[in-house]
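Thank you for letting me take a few minutes of the meeting. Please have a look at the sequence and the structure first, and then I will walk you through some parts of the fold.

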Amino acid sequence: MTIAPTLRPIGATALLALLSACAVGPDYRAPAPSDLKVPERFLAERPGAEIDLARWWTSFDDPVLTQLVDKSLAANLDVAVAGARLRQARASLRQAQGGALPSLSASGSVSRSIGNDGNTYVDPSTGQTISRGGDTTIFRAGFDASWEADIFGGIRRSIEAARANAQSSEANLHFTQVSVASEVGLNYLAARLAQVRLDIARRNLATQDETVEIVGWRVQAGLVSSLDLEQARQLRANTAATIPNLETSYNNAVNRIAVLLGEAPGAVNGLLRDPQAVPLPPEAIGAAIPAEIVQRRPDIAAAERTLAAETARIGVATAQLYPALRLSGSFSGSDTSLGDLPSAMIGNLVAGITAPIFNGGQIRAQIEGQRASADAALATYRQTVLTALEEVENALTALTNAERREREVIAAAEAAENAVIYARSQYRAGLIDFQALLESERSLLSAQDSRASARADRANATVQLYKALGGGWEAAPIPATALSTRP
(Lines give C-alpha, C1' and ligand atoms only; values in the text may rest on other atoms or scores of the structure.)
Protein backbone atom coordinates (compact mmCIF):
# COMPACT_ATOMS: atom_id res chain seq x y z
CA MET A 1 0.00 0.00 0.00
CA THR A 2 1.18 3.56 -0.80
CA ILE A 3 0.19 6.66 1.12
CA ALA A 4 0.89 10.33 0.60
CA PRO A 5 2.74 12.10 3.40
CA THR A 6 0.43 14.26 5.53
CA LEU A 7 2.78 15.29 8.38
CA ARG A 8 4.19 18.77 8.48
CA PRO A 9 7.88 18.83 7.35
CA ILE A 10 9.38 19.63 10.75
CA GLY A 11 7.23 17.11 12.58
CA ALA A 12 7.94 14.37 10.01
CA THR A 13 11.67 14.97 10.24
CA ALA A 14 11.63 14.84 14.03
CA LEU A 15 9.59 11.64 14.01
CA LEU A 16 11.91 9.96 11.54
CA ALA A 17 14.92 10.97 13.61
CA LEU A 18 13.32 9.58 16.75
CA LEU A 19 12.36 6.30 15.13
CA SER A 20 15.72 5.82 13.41
CA ALA A 21 17.49 6.16 16.74
CA CYS A 22 16.17 2.77 17.83
CA ALA A 23 17.09 -0.63 16.44
CA VAL A 24 15.18 -3.80 17.17
CA GLY A 25 16.96 -6.91 18.35
CA PRO A 26 19.41 -7.40 21.23
CA ASP A 27 22.33 -5.02 21.74
CA TYR A 28 25.51 -7.07 21.80
CA ARG A 29 27.75 -7.15 24.85
CA ALA A 30 30.79 -9.39 24.98
CA PRO A 31 30.62 -12.05 27.72
CA ALA A 32 32.63 -11.26 30.84
CA PRO A 33 35.71 -13.42 31.63
CA SER A 34 33.85 -14.89 34.61
CA ASP A 35 31.09 -16.09 32.27
CA LEU A 36 33.75 -17.77 30.14
CA LYS A 37 35.24 -19.51 33.22
CA VAL A 38 38.63 -17.89 32.73
CA PRO A 39 40.81 -18.57 35.81
CA GLU A 40 43.02 -15.96 37.41
CA ARG A 41 46.19 -17.97 36.84
CA PHE A 42 47.43 -21.12 35.15
CA LEU A 43 47.91 -24.28 37.21
CA ALA A 44 51.21 -24.96 35.45
CA GLU A 45 52.46 -21.43 36.00
CA ARG A 46 56.23 -21.17 35.72
CA PRO A 47 58.70 -18.38 36.44
CA GLY A 48 60.55 -16.70 33.63
CA ALA A 49 60.69 -13.64 31.47
CA GLU A 50 58.13 -13.18 28.72
CA ILE A 51 59.57 -13.36 25.20
CA ASP A 52 58.64 -11.00 22.36
CA LEU A 53 55.86 -13.14 20.90
CA ALA A 54 55.53 -11.07 17.73
CA ARG A 55 58.74 -12.67 16.37
CA TRP A 56 59.28 -15.56 18.75
CA TRP A 57 61.33 -17.56 16.22
CA THR A 58 64.20 -15.08 16.53
CA SER A 59 64.66 -16.20 20.16
CA PHE A 60 66.16 -19.47 18.84
CA ASP A 61 69.04 -17.45 17.36
CA ASP A 62 68.97 -19.52 14.16
CA PRO A 63 69.25 -17.44 10.95
CA VAL A 64 67.89 -20.26 8.77
CA LEU A 65 64.80 -20.66 10.94
CA THR A 66 64.22 -16.91 10.92
CA GLN A 67 64.54 -16.79 7.15
CA LEU A 68 62.11 -19.66 6.64
CA VAL A 69 59.42 -18.31 8.98
CA ASP A 70 59.65 -14.79 7.54
CA LYS A 71 59.30 -16.12 4.01
CA SER A 72 56.37 -18.36 4.93
CA LEU A 73 54.42 -15.43 6.38
CA ALA A 74 54.91 -13.55 3.12
CA ALA A 75 54.27 -16.39 0.66
CA ASN A 76 52.14 -19.08 2.32
CA LEU A 77 49.05 -19.95 0.29
CA ASP A 78 46.79 -20.53 3.30
CA VAL A 79 47.63 -16.99 4.38
CA ALA A 80 46.78 -15.81 0.85
CA VAL A 81 43.39 -17.54 1.06
CA ALA A 82 42.67 -15.94 4.45
CA GLY A 83 43.68 -12.56 3.04
CA ALA A 84 41.30 -12.91 0.12
CA ARG A 85 38.46 -13.82 2.48
CA LEU A 86 39.23 -10.71 4.53
CA ARG A 87 39.01 -8.58 1.40
CA GLN A 88 35.73 -10.24 0.51
CA ALA A 89 34.31 -9.55 3.98
CA ARG A 90 35.35 -5.91 3.78
CA ALA A 91 33.66 -5.59 0.39
CA SER A 92 30.48 -7.03 1.93
CA LEU A 93 30.72 -4.39 4.67
CA ARG A 94 30.94 -1.60 2.09
CA GLN A 95 27.96 -3.13 0.30
CA ALA A 96 25.94 -3.15 3.53
CA GLN A 97 26.89 0.44 4.27
CA GLY A 98 25.77 1.44 0.79
CA GLY A 99 22.33 0.04 1.54
CA ALA A 100 21.78 2.83 4.07
CA LEU A 101 22.35 5.57 1.49
CA PRO A 102 19.93 6.91 -1.12
CA SER A 103 20.23 5.48 -4.63
CA LEU A 104 20.18 7.78 -7.64
CA SER A 105 20.10 6.96 -11.34
CA ALA A 106 20.01 9.22 -14.37
CA SER A 107 19.12 8.80 -18.01
CA GLY A 108 19.34 10.98 -21.07
CA SER A 109 18.86 10.88 -24.83
CA VAL A 110 18.92 13.05 -27.92
CA SER A 111 16.68 12.54 -30.95
CA ARG A 112 16.45 14.51 -34.16
CA SER A 113 13.46 14.75 -36.52
CA ILE A 114 14.36 15.51 -40.13
CA GLY A 115 12.12 16.66 -43.01
CA ASN A 116 8.93 17.39 -41.05
CA ASP A 117 7.09 20.38 -42.55
CA GLY A 118 4.68 20.88 -39.63
CA ASN A 119 5.04 23.75 -37.19
CA THR A 120 4.64 21.56 -34.11
CA TYR A 121 6.04 18.29 -32.88
CA VAL A 122 4.50 16.01 -30.28
CA ASP A 123 7.08 14.25 -28.12
CA PRO A 124 5.85 10.62 -28.05
CA SER A 125 7.51 9.95 -24.69
CA THR A 126 5.81 12.76 -22.79
CA GLY A 127 2.93 13.82 -25.03
CA GLN A 128 4.29 17.39 -24.94
CA THR A 129 3.65 19.56 -28.01
CA ILE A 130 6.80 21.34 -29.09
CA SER A 131 6.92 24.13 -31.64
CA ARG A 132 9.64 24.03 -34.18
CA GLY A 133 10.46 24.91 -37.69
CA GLY A 134 12.20 22.54 -40.11
CA ASP A 135 14.45 19.89 -38.54
CA THR A 136 14.01 19.41 -34.79
CA THR A 137 16.39 18.12 -32.06
CA ILE A 138 14.78 16.89 -28.88
CA PHE A 139 16.84 16.62 -25.64
CA ARG A 140 15.49 14.36 -22.88
CA ALA A 141 16.74 13.80 -19.33
CA GLY A 142 15.48 11.98 -16.25
CA PHE A 143 16.46 11.24 -12.69
CA ASP A 144 15.20 8.56 -10.33
CA ALA A 145 15.96 8.50 -6.60
CA SER A 146 14.95 6.19 -3.79
CA TRP A 147 15.76 5.76 -0.12
CA GLU A 148 14.56 3.42 2.57
CA ALA A 149 14.23 5.01 5.98
CA ASP A 150 15.87 2.66 8.46
CA ILE A 151 13.16 3.21 11.05
CA PHE A 152 13.59 -0.01 13.02
CA GLY A 153 17.32 -0.45 12.46
CA GLY A 154 17.33 -3.47 10.15
CA ILE A 155 19.91 -1.87 7.86
CA ARG A 156 22.02 -0.70 10.78
CA ARG A 157 21.98 -4.21 12.23
CA SER A 158 23.08 -5.62 8.88
CA ILE A 159 25.98 -3.14 8.83
CA GLU A 160 26.82 -4.14 12.40
CA ALA A 161 26.84 -7.82 11.38
CA ALA A 162 28.95 -7.15 8.29
CA ARG A 163 31.48 -5.15 10.31
CA ALA A 164 31.78 -7.91 12.92
CA ASN A 165 32.14 -10.48 10.15
CA ALA A 166 34.99 -8.48 8.59
CA GLN A 167 36.70 -8.27 11.98
CA SER A 168 36.28 -12.03 12.39
CA SER A 169 37.88 -12.58 8.98
CA GLU A 170 40.81 -10.39 10.00
CA ALA A 171 41.27 -12.40 13.19
CA ASN A 172 41.13 -15.64 11.17
CA LEU A 173 43.91 -14.26 8.97
CA HIS A 174 46.03 -13.61 12.05
CA PHE A 175 45.35 -17.09 13.41
CA THR A 176 46.42 -18.58 10.08
CA GLN A 177 49.67 -16.62 10.38
CA VAL A 178 50.17 -17.97 13.91
CA SER A 179 49.59 -21.53 12.69
CA VAL A 180 51.90 -21.20 9.70
CA ALA A 181 54.76 -19.76 11.76
CA SER A 182 54.51 -22.55 14.33
CA GLU A 183 54.20 -25.26 11.66
CA VAL A 184 57.34 -24.04 9.91
CA GLY A 185 59.13 -24.00 13.26
CA LEU A 186 58.05 -27.52 14.19
CA ASN A 187 59.01 -28.96 10.80
CA TYR A 188 62.36 -27.17 10.93
CA LEU A 189 63.06 -28.75 14.32
CA ALA A 190 61.99 -32.13 12.94
CA ALA A 191 64.41 -31.76 10.02
CA ARG A 192 67.30 -30.82 12.29
CA LEU A 193 66.47 -33.68 14.67
CA ALA A 194 66.48 -36.14 11.75
CA GLN A 195 69.92 -34.85 10.73
CA VAL A 196 71.26 -35.30 14.26
CA ARG A 197 69.81 -38.79 14.60
CA LEU A 198 71.20 -39.74 11.20
CA ASP A 199 74.64 -38.59 12.31
CA ILE A 200 74.35 -40.62 15.52
CA ALA A 201 73.23 -43.73 13.63
CA ARG A 202 76.00 -43.42 11.05
CA ARG A 203 78.71 -42.89 13.66
CA ASN A 204 77.48 -45.88 15.67
CA LEU A 205 77.31 -47.90 12.46
CA ALA A 206 80.95 -47.14 11.73
CA THR A 207 81.90 -48.18 15.25
CA GLN A 208 79.88 -51.37 14.98
CA ASP A 209 81.59 -52.17 11.66
CA GLU A 210 84.86 -52.05 13.54
CA THR A 211 83.40 -54.32 16.23
CA VAL A 212 82.29 -56.87 13.61
CA GLU A 213 85.77 -56.82 12.16
CA ILE A 214 87.45 -57.32 15.56
CA VAL A 215 85.11 -60.14 16.50
CA GLY A 216 85.77 -61.78 13.12
CA TRP A 217 89.48 -61.79 13.83
CA ARG A 218 88.92 -63.31 17.27
CA VAL A 219 86.71 -66.02 15.77
CA GLN A 220 89.43 -66.88 13.26
CA ALA A 221 91.95 -67.02 16.07
CA GLY A 222 89.69 -69.38 17.99
CA LEU A 223 89.36 -66.99 20.90
CA VAL A 224 85.55 -66.66 20.71
CA SER A 225 82.72 -68.56 19.15
CA SER A 226 80.78 -67.63 16.01
CA LEU A 227 77.88 -66.64 18.27
CA ASP A 228 79.70 -63.41 19.13
CA LEU A 229 80.13 -62.61 15.46
CA GLU A 230 76.48 -63.19 14.61
CA GLN A 231 75.38 -61.03 17.53
CA ALA A 232 77.68 -58.24 16.36
CA ARG A 233 76.31 -58.50 12.85
CA GLN A 234 72.75 -58.38 14.17
CA LEU A 235 73.40 -55.15 16.12
CA ARG A 236 75.06 -53.61 13.09
CA ALA A 237 72.14 -54.53 10.83
CA ASN A 238 69.58 -53.15 13.29
CA THR A 239 71.43 -49.83 13.41
CA ALA A 240 71.66 -49.68 9.61
CA ALA A 241 67.89 -50.36 9.37
CA THR A 242 67.08 -47.13 11.25
CA ILE A 243 68.77 -44.93 8.64
CA PRO A 244 66.13 -45.19 5.84
CA ASN A 245 63.35 -44.21 8.26
CA LEU A 246 65.34 -41.22 9.47
CA GLU A 247 66.02 -40.13 5.88
CA THR A 248 62.29 -40.37 5.18
CA SER A 249 61.53 -38.22 8.22
CA TYR A 250 64.03 -35.62 7.05
CA ASN A 251 62.65 -35.50 3.52
CA ASN A 252 59.07 -35.22 4.78
CA ALA A 253 60.00 -32.28 7.00
CA VAL A 254 61.88 -30.30 4.36
CA ASN A 255 59.22 -30.96 1.73
CA ARG A 256 56.56 -29.73 4.14
CA ILE A 257 58.56 -26.57 4.78
CA ALA A 258 58.78 -25.93 1.04
CA VAL A 259 55.00 -26.21 0.64
CA LEU A 260 54.47 -23.90 3.63
CA LEU A 261 56.62 -21.38 1.79
CA GLY A 262 54.43 -21.66 -1.29
CA GLU A 263 57.11 -23.60 -3.18
CA ALA A 264 57.36 -27.06 -4.72
CA PRO A 265 58.99 -29.86 -2.68
CA GLY A 266 62.75 -29.63 -2.82
CA ALA A 267 62.86 -25.84 -2.92
CA VAL A 268 64.59 -25.53 0.49
CA ASN A 269 66.82 -28.61 0.31
CA GLY A 270 69.89 -26.54 -0.40
CA LEU A 271 69.22 -24.25 2.54
CA LEU A 272 69.07 -27.18 4.98
CA ARG A 273 71.68 -29.39 3.32
CA ASP A 274 74.41 -28.74 5.91
CA PRO A 275 73.47 -30.61 9.13
CA GLN A 276 73.05 -28.53 12.26
CA ALA A 277 72.08 -29.23 15.84
CA VAL A 278 68.51 -28.64 16.97
CA PRO A 279 68.43 -24.96 17.98
CA LEU A 280 67.92 -24.37 21.69
CA PRO A 281 65.13 -22.10 22.96
CA PRO A 282 65.62 -19.67 25.83
CA GLU A 283 66.06 -21.29 29.22
CA ALA A 284 63.33 -19.44 31.14
CA ILE A 285 60.02 -18.63 29.44
CA GLY A 286 57.09 -17.25 31.39
CA ALA A 287 53.44 -17.05 30.40
CA ALA A 288 50.92 -14.27 30.62
CA ILE A 289 47.84 -14.52 32.82
CA PRO A 290 44.80 -16.29 31.31
CA ALA A 291 42.83 -13.07 30.77
CA GLU A 292 45.65 -11.74 28.57
CA ILE A 293 45.60 -14.92 26.51
CA VAL A 294 41.88 -14.43 25.87
CA GLN A 295 42.55 -10.93 24.62
CA ARG A 296 45.55 -11.92 22.51
CA ARG A 297 44.63 -15.15 20.71
CA PRO A 298 43.28 -14.47 17.19
CA ASP A 299 41.07 -17.56 17.14
CA ILE A 300 39.31 -16.33 20.29
CA ALA A 301 38.86 -12.90 18.72
CA ALA A 302 37.41 -14.52 15.59
CA ALA A 303 34.92 -16.55 17.64
CA GLU A 304 33.88 -13.46 19.64
CA ARG A 305 33.35 -11.39 16.48
CA THR A 306 31.32 -14.22 14.95
CA LEU A 307 29.11 -14.15 18.04
CA ALA A 308 28.67 -10.38 17.62
CA ALA A 309 27.69 -10.84 13.96
CA GLU A 310 25.15 -13.57 14.75
CA THR A 311 23.64 -11.40 17.50
CA ALA A 312 23.26 -8.46 15.12
CA ARG A 313 21.53 -10.69 12.57
CA ILE A 314 18.77 -11.29 15.11
CA GLY A 315 17.94 -7.61 14.73
CA VAL A 316 18.03 -7.89 10.94
CA ALA A 317 15.46 -10.69 11.09
CA THR A 318 13.32 -8.94 13.73
CA ALA A 319 13.11 -5.74 11.67
CA GLN A 320 11.13 -7.63 9.04
CA LEU A 321 8.18 -7.77 11.48
CA TYR A 322 7.76 -4.00 11.32
CA PRO A 323 6.64 -1.59 8.59
CA ALA A 324 9.20 -0.31 6.09
CA LEU A 325 9.10 3.26 4.76
CA ARG A 326 10.52 3.88 1.30
CA LEU A 327 10.78 7.28 -0.32
CA SER A 328 11.13 7.53 -4.08
CA GLY A 329 11.02 10.24 -6.69
CA SER A 330 11.41 10.69 -10.43
CA PHE A 331 12.06 13.76 -12.55
CA SER A 332 12.00 13.94 -16.35
CA GLY A 333 11.57 16.41 -19.15
CA SER A 334 12.37 17.21 -22.76
CA ASP A 335 12.99 20.32 -24.80
CA THR A 336 14.47 21.44 -28.06
CA SER A 337 17.05 23.53 -26.20
CA LEU A 338 19.59 21.94 -23.93
CA GLY A 339 19.79 25.11 -21.83
CA ASP A 340 16.00 25.15 -21.26
CA LEU A 341 15.87 21.45 -20.34
CA PRO A 342 16.12 21.93 -16.51
CA SER A 343 13.10 24.26 -16.46
CA ALA A 344 11.09 21.80 -18.55
CA MET A 345 11.50 18.93 -16.09
CA ILE A 346 8.61 17.77 -13.95
CA GLY A 347 8.56 15.09 -11.28
CA ASN A 348 6.82 13.38 -8.42
CA LEU A 349 7.63 12.14 -4.92
CA VAL A 350 6.13 9.02 -3.36
CA ALA A 351 6.30 7.75 0.21
CA GLY A 352 5.45 4.06 0.42
CA ILE A 353 4.89 1.92 3.50
CA THR A 354 4.90 -1.86 3.39
CA ALA A 355 4.13 -4.08 6.34
CA PRO A 356 3.79 -7.83 6.74
CA ILE A 357 0.26 -9.00 7.53
CA PHE A 358 0.36 -12.75 7.10
CA ASN A 359 3.30 -14.93 6.06
CA GLY A 360 2.61 -18.20 7.79
CA GLY A 361 5.02 -17.48 10.66
CA GLN A 362 8.07 -17.43 8.39
CA ILE A 363 9.57 -14.27 9.87
CA ARG A 364 9.25 -15.46 13.46
CA ALA A 365 10.69 -18.82 12.46
CA GLN A 366 13.63 -16.99 10.89
CA ILE A 367 14.13 -14.99 14.10
CA GLU A 368 14.09 -18.16 16.18
CA GLY A 369 16.56 -19.80 13.82
CA GLN A 370 18.86 -16.80 14.08
CA ARG A 371 18.66 -16.88 17.88
CA ALA A 372 19.73 -20.54 17.70
CA SER A 373 22.67 -19.51 15.49
CA ALA A 374 23.67 -16.93 18.10
CA ASP A 375 23.44 -19.55 20.86
CA ALA A 376 25.68 -21.86 18.83
CA ALA A 377 28.15 -19.02 18.27
CA LEU A 378 28.23 -18.33 22.02
CA ALA A 379 28.92 -21.99 22.78
CA THR A 380 31.64 -22.04 20.12
CA TYR A 381 33.19 -18.90 21.62
CA ARG A 382 33.23 -20.40 25.10
CA GLN A 383 34.67 -23.66 23.76
CA THR A 384 37.39 -21.75 21.89
CA VAL A 385 38.38 -19.95 25.08
CA LEU A 386 38.55 -23.17 27.11
CA THR A 387 40.50 -24.95 24.38
CA ALA A 388 43.00 -22.09 24.25
CA LEU A 389 43.50 -22.23 28.01
CA GLU A 390 43.92 -26.00 27.79
CA GLU A 391 46.59 -25.62 25.11
CA VAL A 392 48.53 -23.14 27.25
CA GLU A 393 48.30 -25.38 30.32
CA ASN A 394 49.47 -28.40 28.33
CA ALA A 395 52.29 -26.47 26.67
CA LEU A 396 53.54 -25.13 30.02
CA THR A 397 53.50 -28.62 31.53
CA ALA A 398 55.17 -30.15 28.47
CA LEU A 399 57.95 -27.57 28.51
CA THR A 400 58.64 -28.01 32.22
CA ASN A 401 58.74 -31.79 31.92
CA ALA A 402 60.84 -31.65 28.74
CA GLU A 403 63.45 -29.60 30.59
CA ARG A 404 63.49 -32.09 33.46
CA ARG A 405 63.76 -35.06 31.12
CA GLU A 406 66.55 -33.48 29.11
CA ARG A 407 68.70 -33.03 32.20
CA GLU A 408 68.38 -36.70 33.11
CA VAL A 409 68.89 -37.96 29.56
CA ILE A 410 72.08 -35.92 29.20
CA ALA A 411 73.48 -37.60 32.32
CA ALA A 412 72.45 -41.02 31.02
CA ALA A 413 74.13 -40.41 27.64
CA GLU A 414 77.38 -39.34 29.26
CA ALA A 415 77.39 -42.48 31.39
CA ALA A 416 76.65 -44.68 28.35
CA GLU A 417 79.58 -43.15 26.44
CA ASN A 418 81.96 -43.85 29.31
CA ALA A 419 80.60 -47.39 29.69
CA VAL A 420 81.29 -48.22 26.04
CA ILE A 421 84.86 -46.98 26.31
CA TYR A 422 85.47 -49.24 29.29
CA ALA A 423 83.68 -52.22 27.73
CA ARG A 424 85.67 -52.11 24.49
CA SER A 425 88.94 -51.88 26.37
CA GLN A 426 88.06 -54.77 28.65
CA TYR A 427 86.74 -56.92 25.79
CA ARG A 428 90.01 -56.55 23.87
CA ALA A 429 91.85 -57.56 27.03
CA GLY A 430 89.56 -60.58 27.44
CA LEU A 431 88.24 -59.38 30.77
CA ILE A 432 84.54 -59.42 29.78
CA ASP A 433 82.51 -61.45 27.34
CA PHE A 434 81.06 -60.09 24.13
CA GLN A 435 77.53 -59.93 25.51
CA ALA A 436 78.57 -57.19 27.96
CA LEU A 437 80.15 -55.19 25.12
CA LEU A 438 77.10 -55.70 22.94
CA GLU A 439 74.76 -54.46 25.65
CA SER A 440 76.85 -51.36 26.29
CA GLU A 441 76.82 -50.45 22.57
CA ARG A 442 73.05 -50.89 22.41
CA SER A 443 72.70 -48.64 25.45
CA LEU A 444 74.96 -46.01 23.89
CA LEU A 445 72.92 -45.77 20.69
CA SER A 446 69.70 -45.54 22.65
CA ALA A 447 71.09 -42.92 25.05
CA GLN A 448 72.51 -40.72 22.30
CA ASP A 449 69.27 -40.91 20.35
CA SER A 450 67.27 -40.06 23.48
CA ARG A 451 69.49 -37.07 24.21
CA ALA A 452 68.88 -35.67 20.73
CA SER A 453 65.14 -36.32 21.01
CA ALA A 454 64.95 -34.73 24.47
CA ARG A 455 66.58 -31.57 23.17
CA ALA A 456 64.13 -31.49 20.27
CA ASP A 457 61.21 -32.14 22.64
CA ARG A 458 62.15 -29.05 24.65
CA ALA A 459 62.36 -26.99 21.49
CA ASN A 460 59.03 -28.37 20.23
CA ALA A 461 57.33 -27.65 23.55
CA THR A 462 58.59 -24.08 23.36
CA VAL A 463 57.15 -23.59 19.88
CA GLN A 464 53.85 -25.09 21.02
CA LEU A 465 53.81 -22.67 23.94
CA TYR A 466 54.45 -19.72 21.64
CA LYS A 467 51.56 -20.84 19.46
CA ALA A 468 49.27 -21.39 22.46
CA LEU A 469 50.08 -17.87 23.65
CA GLY A 470 48.99 -16.53 20.25
CA GLY A 471 52.37 -15.28 19.07
CA GLY A 472 53.55 -14.73 15.53
CA TRP A 473 51.00 -12.48 13.81
CA GLU A 474 51.71 -8.93 14.93
CA ALA A 475 54.82 -8.53 12.77
CA ALA A 476 53.47 -10.57 9.83
CA PRO A 477 53.02 -8.66 6.57
CA ILE A 478 49.55 -8.06 5.14
CA PRO A 479 49.07 -10.50 2.23
CA ALA A 480 48.56 -8.96 -1.18
CA THR A 481 45.24 -10.79 -1.52
CA ALA A 482 43.85 -8.75 1.40
CA LEU A 483 44.52 -5.45 -0.34
CA SER A 484 41.90 -3.77 -2.49
CA THR A 485 42.39 -4.09 -6.25
CA ARG A 486 40.62 -0.80 -6.90
CA PRO A 487 42.85 1.94 -8.41
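**The core, the helix pairs and a few single residues**

Let me begin with the largest nonpolar core, which has 68 residues, and of these L68, V268, L272 and V385 touch the most other members. By a nonpolar core I mean a set of buried Ala, Val, Leu, Ile, Met, Phe, Trp, Tyr and Cys residues joined through side-chain atoms within 4.5 Å. Buried stands for under 20% relative accessible area, exposed for over 50%, and partly exposed for what lies in between, using a 1.4 Å probe and protein chains only. At least two residues of this core come from each of α2 (63-75), α3 (77-98), α4 (154-220), α5 (226-260), α6 (290-296), α7 (298-318), α8 (362-428) and α9 (434-468). Of these, α4 gives the most, with 11 residues. The helix names follow DSSP runs numbered from the N terminus, where a helix is H or I with at least four residues and a strand is E with at least two.

I should say early that this is a predicted model, in which local features need pLDDT of at least 70 and side-chain atom pairs count only at pLDDT 80 or more, while totals for chains, interfaces and linings use all residues. Residues are numbered from 1 along each chain as its sequence is written, and side-chain values use heavy atoms, with hydrogens and water left out.

Which residues does L68 touch, if we do not count residues up to four places away in sequence? They are V184, Y188, I257, L261, V268, L271 and L272, where contact means heavy atoms within 4.5 Å. Apart from the largest core lies another one, of 11 residues, among them V212, A423, L437 and L438.

Now to the helix pairs. The axes of α4 and α8 come within 12 Å and cross at roughly 15°; such axes are lines fitted to C-alpha atoms, for helices over the stretch in contact, with angles from 0 to 180 degrees between N-to-C directions. That makes α4 roughly parallel to α8, since angles under 35 degrees count as roughly parallel, over 145 as roughly antiparallel, 65 to 115 as roughly perpendicular and the rest as oblique. On the α4 side the contact is made by T207, I214, V215 and R218, and on the α8 side by R424, Y427 and R428.

The other pair is α3 and α4, which pack at an angle of about 170° with their axes 8 Å apart, and they are therefore roughly antiparallel to each other.

Staying with α4, we find Q177 in this helix. Is Q177 buried or exposed? At 1% relative accessibility, Q177 counts as buried, and, leaving aside residues up to four places away in sequence, Q177 touches L73, V79, G472, W473, A476, P477 and P479.

In helix α5 we come to S249, which is partly exposed, with a relative accessible area of 39%. The C-alpha atoms of S249 and A194 are separated by 6.4 Å, although these residues are 55 apart along the chain.

Finally, a word on the backbone. Most residues other than glycine have a negative phi. K37, however, has a positive phi, near 60°, and D61 has a positive phi near 55°. K37 sits in the loop between α1 (9-20) and α2, and D61 is also placed in the loop between α1 and α2. K37 counts as exposed at 58% relative accessibility, and D61 counts as exposed at 68%.
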